[in-house]
Amino acid sequence: MRTRPSSVTIAAAVCVVVVAGSAAGIAAFGASHSSEGATASPGRDGRTTVTVRLWDEGVAAGYEKSFATFERDNPTIDVDVEVVPYAEYAADLESDVDDGSAPDVYWLNSAAYADQAEAGDLLDVDRVLGASAHRAWSPEVTEQYTLDGRLWGVPQLSDGGVALYYNADLLAAAGIDPAALDELTWAPGGGEGDTLLPVLEQLTRDAQGRSAADPAFDGTPVQYGYNAGEDLQAIWLDYLGSNGASLEDATGTSFELDTPEAQAAFQYVVDLVQQHRVAPPASLTNADPDYSRDQFTSGHMALFQSGLYSLAPVAAGSDFTWGVARMPAGPEGRVSVSNGIVAAGNAHTPHLDATARVLAWLGSTDGSRYIGAEGAAVPAVLGAQAAYYEHWSDQGVDVAPFFDVVSSGRSIPAPTGIWGDAEPVVDPVLDEMFLGTTTVEEALARAQELATATLEDDPGEGGRGTPR
């Protein structure tokens, strides 16, 4: 296990800041809203129910334990944890926000928060908990969700970067040393210096046990080498970054999908699916974002590129020896996306004071330590992170590759709100590209056109590929 002493040291110094700062912030917040009926609205039994929505079952289990402690110390507040599957989360939330039935607290990713903040649908965390509370949280996540100088959610998860899960048994059968994975590189067109494609071909097998490198390979794998596909966070955004391309410009105000660098990166990934057959067909993965993960955990895929959000499911679902290596490097090196998640407060909740207290708890070390202790995700609360590293160290899992890839400072930014608006119209075009029904050049030109058009249109709902 590789710990991060700076985080632990900082956390030890500031673990009480969020509690003290939150108490002061909540008091001031309640006082400033007293004439607006902002105090908790108790039910007939004198209790108030605050609903918290998220999309991760593993973290939800930690939340249940966390809120049991919260409710003990706040006997007039009940907290209901509501889990909505990730594939339906964005659309359901948008509908609920629009009709005024959104939960009191809910998770948001970077592609979804800006529109809601600008529309006045989110609580200003600085106003509710006090700006001093920032000191207890991951600065990267805090910065990611700061707009116009204000923070619009309480940091909950800090994803690190993307890495390569491997099935050690399948590697051994192919005669591949897991240590060699750390040095894999890809080159546009599979050109000079590409060591990734030959390994993926060796790890892909048909029903007769022939590898994809064998001229007799029948093109219908029963064992896949890799999970190339239409997956923004785990796959194609990282390929863009490692080829010097990007999804958005540096200011997050325009798209850069149709560039030579982006075309070369997408072409490489599409070829892994369509031409080399080392990854599942898009007809299966486009419709099911968890298809590749399930193939890996069932022993039918050798390498699975993903983030820390897959760590707990992989550990729970795999009955073979597995490990984690660094993601492949491209012409520009290893460039991973890194993303965080926040718990946002509903600005229209009838339970403002109670909601503020729940947000304060979620932003505290005591409130978040259950997330880390269960190994479900890396808490964005600094004081709760040590428990996460200890959990996986006890399991014999080295999580260093997820952090090494971003520790150099080379990362591609997570999509912003403009991608959340564009994704519903761009996703079908990218789906067609991975299916092979349209060329990469045609698809990216069309995607760029459609995405740019949304910059002047009404916001749409977030789609499948928004970061988890």
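Is Asp-206 buried or exposed? In this predicted model, Asp-206 is buried, because its relative accessible area is 2%, a value that lies under the 20% limit for burial. Its partner in a salt bridge is Arg-210, with the closest N and O atoms 2.9 Å apart. Arg-210, by contrast, has a relative accessible area of 25% and is therefore partly exposed.

The pair formed by Asp-206 and Arg-210 belongs to a wider set, as the structure holds eleven salt bridges. Side chains of opposite charge can pair when their charged atoms come close. Another such pair joins the side chains of Arg-53 and Asp-96, with a distance of 2.8 Å from N to O. This salt bridge connects distant parts of the chain, since Arg-53 lies in strand β1 (residues 48-54) and Asp-96 in helix α4 (residues 86-99), 43 residues apart. Both Arg-53 and Asp-96 are buried, and together with Glu-82 they are linked in a network of salt bridges. A salt bridge is also found between the side chains of Arg-72 and Asp-73, at 3.1 Å from N to O. Here Arg-72 counts as exposed because its relative accessibility is 60%, whereas Asp-73, with a relative accessible area of 46%, is partly exposed.

Burial also characterises helix α10 (residues 232-242), in which eleven of the eleven residues are buried. Among them are Trp-236, Asp-238 and Tyr-239. The elements that cover these buried residues include α9 (196-203), α11 (260-274), β10 (303-306), β12 (336-337), β14 (411-412) and α19. At the start of α10, a side-chain oxygen of Asp-231 comes to within 3.4 Å of the backbone nitrogen of Gln-233, and the helix is followed by Gly-244, which has a positive phi near 80°.

Helix α19, one of the elements that cover α10, spans residues 417-435 and packs against helix α20 (residues 440-454) at an angle of about 170°, with the two axes 9 Å apart. The two helices are therefore roughly antiparallel, because an angle over 145 degrees is counted in this way. On the side of α19, the contact is made by Asp-421, Ala-422, Val-425, Val-426, Val-429, Leu-430 and Met-433, while α20 contributes Val-440, Ala-443, Leu-444, Arg-446, Ala-447, Leu-450, Ala-451 and Thr-454. Of the residues in this contact, twelve are nonpolar, one is polar and two are charged.

How values were computed: Residues numbered from 1 in each chain as written. Predicted model: local features only at pLDDT ≥ 70, side-chain atom pairs only at ≥ 80, totals over all residues. Heavy atoms only, no water. Axes fitted to C-alpha atoms, helices over the stretch in contact; angles between N-to-C directions. Helix = DSSP H or I, 4+ residues; strand = E, 2+ residues; numbered from the N terminus. Parallel < 35°, antiparallel > 145°, perpendicular 65-115°, else oblique. Contact = heavy atoms within 4.5 Å. Nonpolar A, V, L, I, M, F, W, Y, C, P; charged D, E, K, R; others polar. Salt bridge = Lys/Arg side-chain N within 4 Å of Asp/Glu carboxyl O. Buried < 20%, exposed > 50% of the residue type's maximum accessible area, 1.4 Å probe, protein only. Polar contact = N/O pair within 3.5 Å; in protein donor to acceptor, adjacent residues only side chain to side chain.
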